[in-house]
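These are my notebook entries on one structure. I record what I looked up and what I found.

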Amino acid sequence: MRAIAMSSSSAMVRILIKGGKVVNDDCTQEADVYIENGIIQQVGKELMIPGGAKVIDASGKLVLPGGIDTSVHLEESFMNATTVDDYYSGTKAALAGGTTMVIGHVLPEKNESLLEAYEKCRSSADSKVCCDYALHVGVTWWGPKVHAEMEKLVREKGVNSFQMFMAYKDMFMLRDSELFQALQHCKDIGAVARVHAENGELVAEGAKEALDLGISGPEGIEISRPEELEAEATHRAITIANRAHCPIYLVNVSSMSAGDVMATAKMQGKVVHGETTTAHTVLNGMQYYHQDWAHAAAHVTVPPLRLDPSTPNFLMSLLGNDTLNVVGSDHRPFTIKQRAMGKDDFTKIPHGLPGIQDRMSVIWEKGVIGGKMDENCFVAVTSSNAAKIYNLYPRKGRIIPGADADVVVWDPEGSKTISVENQVQGGDINLYEGLRCHGVPLVTISRGRLVYENGMFTCAEGSGKFCPLRTFPDYLYKKMVQREKCQAVKAVEREPYTGEVVAVVNSGKRDFGASDLDTPTRPCTRHGGMRDLHESSFSLSGAQIDDNIPKRSSARILAPPGGRSSGIW
């Protein structure tokens, strides 16, 4: 049975969460939380509430804002494979892990209408989702039609974020000039500009080189996409965004060098935000060298997991100090059979890792228990920062009166061992198999309804809603607007020049003002009536420059210069 249907009066359920510690991104307080009509009505001690409320005892537990997973790929066809989770099974797994909102991806094919791709995704997802969701739309090609459709998606369809790719050559990749124009347009319409930063040209060359060397296994993904290609593209993306006066949001930040580039940009005052993934903050690239091909292939993602074993700790620390702002699951589950399409060529292994269910517990274990962040920072990177960036805060991402009742009762002392055997999310492998996590969700409340409690679901298919997102989030745009004012350029006011102007001499030489793109071919020149020795007279046609000079009849040289040869010869 796909879901346990809820009664029609479920929206009127009253819930009192009693005796817990309420954790927001900036403070922790002991308080009760009263929920009614899908909204948090009261937060405090000794609340006066109507009768008939369901009481949840949260003594010794934490009460957190529900997680917001900013990057999930559900019911998506990618690299000739379709993800094994749809919007029902995927959002159900999210709720089991303490996540109450997901943001999915719409990735149009090249030359496909962005609007049509969006409508197709909405028509499928709306009837399946168990929790609230929103959508990013990929700008996978560029032209006037895309420009116009981006504006329509923002104005009429509740989209406020677009994802651009500097990788995936001949598939999704935008050239620098196209990326610049897309970022300018994002700024004009107030959208969040998400950028996947890797040098797509060099990735393609690296893949070809690896295959030529006979490297066809999953290790090729790491060999062909070294972290310097991510660092270079990260710097280039930040530079392009800075020139376009557009806040930039870098996704899937996976390496120490890219993290350093981001940290430097932030110190320079640039408006840069970043998202990493659960896998990149926990696992390293040695997985690609495992003797079992299936194990190695199960870890293929882009950018790849990094070989340096200190990378995950470094990225978790960046989350802890707010250099990186958000951790998403980037959930894109494929089976081993699907990945086996690339058994003889690593470039054909579909990219993507599962993790929508595990994100919150794994980050708590490695981040909070690991001493990289406190419980408030945990709330920030799993929920509040995402709500601020996507203009949902404080309706989501915070436990205060008036906010949506998306709440998780979290047991910091509880523990569970992650296994593919007991997971709700799709796929036939779990990256964190055998990992014992301290910190588990006991109760998940979505839209004021109890949807998950102690391993039991009471969520109905289609009970979630699409959340239209508003443009110009203050968290990104307030600072950028002020920076643009401060950095505005203007012409110098001066008296016009009234002196003589030399006549233009048309010498036939190149105009030095011409664009490099319009460089003329080298003109044919002669110097003092003699042949220009720098210019070749050779012609592939067989015709030569001196063909017009009559040929002399052959003559025997009787007295060559220096005298006739004689004597011994």
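Which residue of β11 is the bridge partner of V72? I looked this up in the model, which is a predicted one. The partner of V72 in β11 is G104.

**Entry 1: the sheet and its edges**

I then looked up how β8 and β11 are joined: four bridges connect the two strands, and they run parallel. In general, the strands of a sheet pair through backbone hydrogen bonds, in either a parallel or an antiparallel manner.

I next traced the whole sheet. It is open, has eight strands and follows the order β8-β11-β12-β13-β14-β15-β16-β17, with parallel pairing. At its edges I found β8 (67-72) and β17 (326-328), each of which pairs on one side only. From one strand to the next, the twist averages 25 degrees.

Is the edge strand β8 buried or exposed? I found that six of its six residues are buried, so β8 is largely enclosed by the rest of the structure.

**Entry 2: β15, β16 and helix α8**

I moved along the sheet to β15 (residues 248-251) and β16 (residues 272-277), which run parallel and are joined by three bridges. For I248, I noted V272 as the bridge partner in β16. Helix α8 (residues 256-267) packs on the sheet here and touches both β15 and β16. Its direction makes about 155 degrees with that of β16.

**Entry 3: helix α2**

I looked up which strands α2 (residues 114-125) covers, and found that the helix lies across β11 (99-106) and β12 (132-139). It runs at about 155 degrees to β12.

The helix has twelve residues, and I noted 16 Å from its first C-alpha to its last, close to the 16 Å expected at 1.5 Å a residue. At the N-terminal end, S113 caps α2, with a side-chain oxygen 3.2 Å from the backbone nitrogen of L115.

Which residues of α2 are buried? I listed L114, L115, A117, Y118, C121, R122, S124 and A125. The buried residues pack against α1 (87-96), β11, β12 and α3 (144-156).

**Entry 4: helix α7**

I checked the length of α7 (residues 227-243) against expectation. Its 17 residues should span 24 Å at 1.5 Å a residue, and the end C-alpha atoms are 24 Å apart, which agrees. Buried residues of α7 include L229, E230, A231 and A233. After the helix comes H245, and I noted that its phi is positive, near 55 degrees.

**Entry 5: T444**

I located T444 in strand β19 (residues 436-446). Why does T444 count as buried? Its relative accessible area is 0%, and buried means under 20%.

I also compared T444 with G66: the two are 378 residues apart in sequence, yet 7.6 Å apart in space, C-alpha to C-alpha. Leaving aside residues up to four places away in sequence, T444 touches L95, G98, T100, V407, V408, R449, L450, V451 and Y452.

**Entry 6: N385**

My last search was for N385, which I found in helix α13 (residues 375-389). It counts as buried, because its relative accessibility is 4%. Which residues does N385 touch, not counting residues up to four places away in sequence? I recorded D322, N325, V326, A380 and Y475.

Definitions and conventions
Residues numbered from 1 in each chain as written. Predicted model: local features only at pLDDT ≥ 70, side-chain atom pairs only at ≥ 80, totals over all residues. Heavy atoms only, no water. Pairing = 2+ DSSP bridges. Axes fitted to C-alpha atoms, helices over the stretch in contact; angles between N-to-C directions. Contact = heavy atoms within 4.5 Å. Expected span 1.5 Å × (residues − 1). Buried < 20%, exposed > 50% of the residue type's maximum accessible area, 1.4 Å probe, protein only. Polar contact = N/O pair within 3.5 Å; in protein donor to acceptor, adjacent residues only side chain to side chain.
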